[in-house]
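Here are my notes from going through this one. Have the viewer open as you read, and check the points against it.

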Amino acid sequence: MGGRIAPGSRASSCCNTTTFPASRKGAQAMSDRVSCGALRAGDERRAVELDGWVNRRRDHGGLIFVDLRDHEGITQVVFDPQHPSFAEAEHLRNEDVLRVSGSVRRRPAGTENPRLATGDVEVAVEALEILNRSLVPPFHVNVDEDADENLRLEYRYLDLRRPRMQRNLRVRHRIVKAMRDFFDSRNFLEIETPMMIKSTPEGARDYLVPSRLYPGSFYALPQSPQLLKQILMIAGFGKYMQIARCMRDEDQRADRLVEFTQLDVELSFCTEEDVMETMESCMRYVWREALDVEVPPFVRMTHQEAIARFGLDKPDLRFGLELADVSGIFAGTEFGVFRSAIERGGAIVALRYPGGAGLSRREFDALTETAKQFGGKGMVWIALSGDGHKSSAARFLTDANVEAVRRAAAAQTGDALLLFADSAELAHAVAGKMRNEVGERCGLRDPNAFAFAWVTGFPYLEADEETGKPIPAHHPFTAPAPGDWELIDRDPMRMRAQHYDMVLNGYELGSGSIRIHKADEQRKIFEMLGLTPQQVQDRFGFFVRALDYGAPPHGGMALGIDRIVMIACAEENLREVTAFPKNQVARDLMMDAPAPVPEQLVRDLHLRIAGHDRPSSSV
RNA sequence: GGCGCUGUAGCUCAGUUGGUUAGAGCGUCGCCCUGUCACGGCGAAGGUCGUGGGUUCGAGCCCCAUCAGCGUCGCCA
């Protein structure tokens, strides 16, 4: 901390602050209070007053320029040596907070700054009031230079003062406002739902709130308002929306926070088409209003098609590079890896890497490691150079094989082919992730392009990887596709769901579905999932009973607002669009939360901390 | 919990094959400078190279462990 100056050491320069000419009200009578982004050439000779932070000081000895910054912009203010405030201005530093008054004047010809909206003018300072001093900030506030993530989160108020975060949170506001406006115009009601609800044991780990009045009992923080919004439909509200905070106690990712915000929507008497039309219109409205971008109608594809062409159920449609199933080409191959994959009913999936023929062996090896990171067992590469081909499996590949794969993947000389052999599911998944990687390397993922899509026709169930038991692919309140009820006893794994995902640039923005609205059908689904009637009663009794009182057909959707804003801001991390995010291990570094609490508070909650002698602080 | 990347001045970073006194830009402090806007000039302060151990005549650099941050797998109905 050697370079930082304690406030006391600057006290001398704080004391002789130039007195403001009059009281605040009096000053307003003489000069107009304006923002730092307001003044233009036409304001010449106006008497104005500005408040803001010192963005930068340029001291010419006989003349001092200060760029004064507030949330609206930057204005250059000038201190002339004949004014009493000049001496003080010599000691101003970045992030000091000032109030200046003076007169607006045009800058001398040739010294205008075209990069500032206010760059034609400046304010000749007549009075300076230092409202507050700043310590030397731990990182540069006036530029978007990279800074250590720890520091940014610990000094979040300074980080938020920087241009990037100011811009991102502004975009976030505009997006959320556009959402509210859109739904308001369609007669949706925004209804708040409680933050302390009952734990429903499916899904992610709950954040729990211990109860003081009921020893041993807990509230759960909502993972989403799912059941509550359905109950609002049963309650006859018809059209509901909410900007809803949600919490899930799971490990974080760049695109996943423990605490996040959803655009939550539900409507009664609707079809899948109604919901999709509503949400798609909303997003196109948001993009138009908040970003001034016209989005074409969304692409639609089935889950099956998405997997086959792009390997993932959230395809990035900003670029092509579609996958090719080349299992047939290797039907009788000698190559053990391929043969055993085929014999086990798996698949061999090929991906084109434009220009990849120039990669070195070492680079292909690194790419193979990446494939393993993605969950693959390995990768076969073929480099299509002008004078034939090189490959990690050269001895097993005939020229005819290579030519057939080349054609299937639409590759040309100079490209590489990447092949993945595994179960059909894994081969596609790994190839799909690699496709995104290749797209990234080839610069095909334009952050300013927006490729929306709907993915439909999801299977209702999937097999649990460990137990093989059927588990819902999404949540258990989703209605099966019309006509698929009959499969529930015969062949439940073939059931499809009335479920749809909205996808943007390779991110899942959210999902929606038509819900089950009859109690007996809901019970049947719970039963299929292995819940006993008693478990259903304990966990979802209130909900199933509500279905019994004339629940209307209904459906809806929830979109991750954080992700939407992140993509709109061309950011790659949710923390960049969240004012006060937690770090990767869910700590708030500014507040230093979570933190121990006084022992008495713990006792009031009828809790004891296992394995700790001192369960709490003495704060 | 696994794997990977990163950690050097307040900040962002460089630091050769292991070899003398660890550098730069920005910032900070002092002096000079009347038209700058990344102002400029001169000077100064500022480092346990994340931490602990090891190898070595010698470690910022190699090895092991550990901490922190980020990314990722698991996980996220």
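The points below take the RNA side and then the protein interior.

1. First, a caveat: this is a predicted model, so please read every distance here as a computed value from that prediction.

2. Start with the protein around RNA strand B. There are 52 residues around the strand, and D59, R93, T111, R115 and H474 come nearest. Sorted by class, this surface has 21 charged, 16 polar and 15 nonpolar residues.

3. What part of the RNA faces the protein? Of the strand B atoms within 4 Å of the protein, 52% belong to sugar or phosphate, and bases make up the rest.

4. Three polar contacts are worth clicking on. The side chain of N583 puts an N or O atom 2.8 Å from a phosphate oxygen of RNA strand B. For R575, a side-chain N or O atom sits 3.0 Å from a sugar or linking oxygen of the strand. G203 uses a backbone N or O atom instead, 3.2 Å from a sugar or linking oxygen. As for elements, β2 (47–59), β3 (64–70) and α4 (149–154) are the ones that give two or more residues to the surface near the strand.

5. Now the inside. The largest nonpolar core has 55 residues, and L263, M279, W287, F452 and M502 have the most contacts within it. Helix α8 (residues 272–291) gives the most to this core: eight residues.

6. F452 makes a good place to centre the view. Leaving aside neighbours within four places in sequence, F452 is in contact with residues including M283, W287, F298, M502 and L509.

7. Don't miss the second core, which is separate and has 23 residues, among them V349, L359, F420 and M434.

Terms used
Residues are numbered from 1 along each chain as its sequence is written. Chains are lettered from A and ligands numbered from 1 in the order in which they are written. This is a predicted model: local features need pLDDT of at least 70, side-chain atom pairs count only at pLDDT 80 or more; totals for chains, interfaces and linings use all residues. Side-chain values use heavy atoms; hydrogens and water are left out. A residue is near a molecule or strand if one of its heavy atoms lies within 4 Å of it. A polar contact is a pair of N or O atoms within 3.5 Å; within protein, one must be able to donate a hydrogen and the other to accept it, and residues adjacent in sequence count only if both atoms are side-chain atoms. Helices (H or I, at least four residues) and strands (E, at least two) are DSSP runs, numbered from the N terminus. Ala, Val, Leu, Ile, Met, Phe, Trp, Tyr, Cys and Pro count as nonpolar, Asp, Glu, Lys and Arg as charged, and the others, Gly among them, as polar. A nonpolar core is a set of buried Ala, Val, Leu, Ile, Met, Phe, Trp, Tyr and Cys residues joined through side-chain atoms within 4.5 Å. Buried means under 20% relative accessible area, exposed over 50%, partly exposed in between (1.4 Å probe, protein chains only). Contact means heavy atoms within 4.5 Å.
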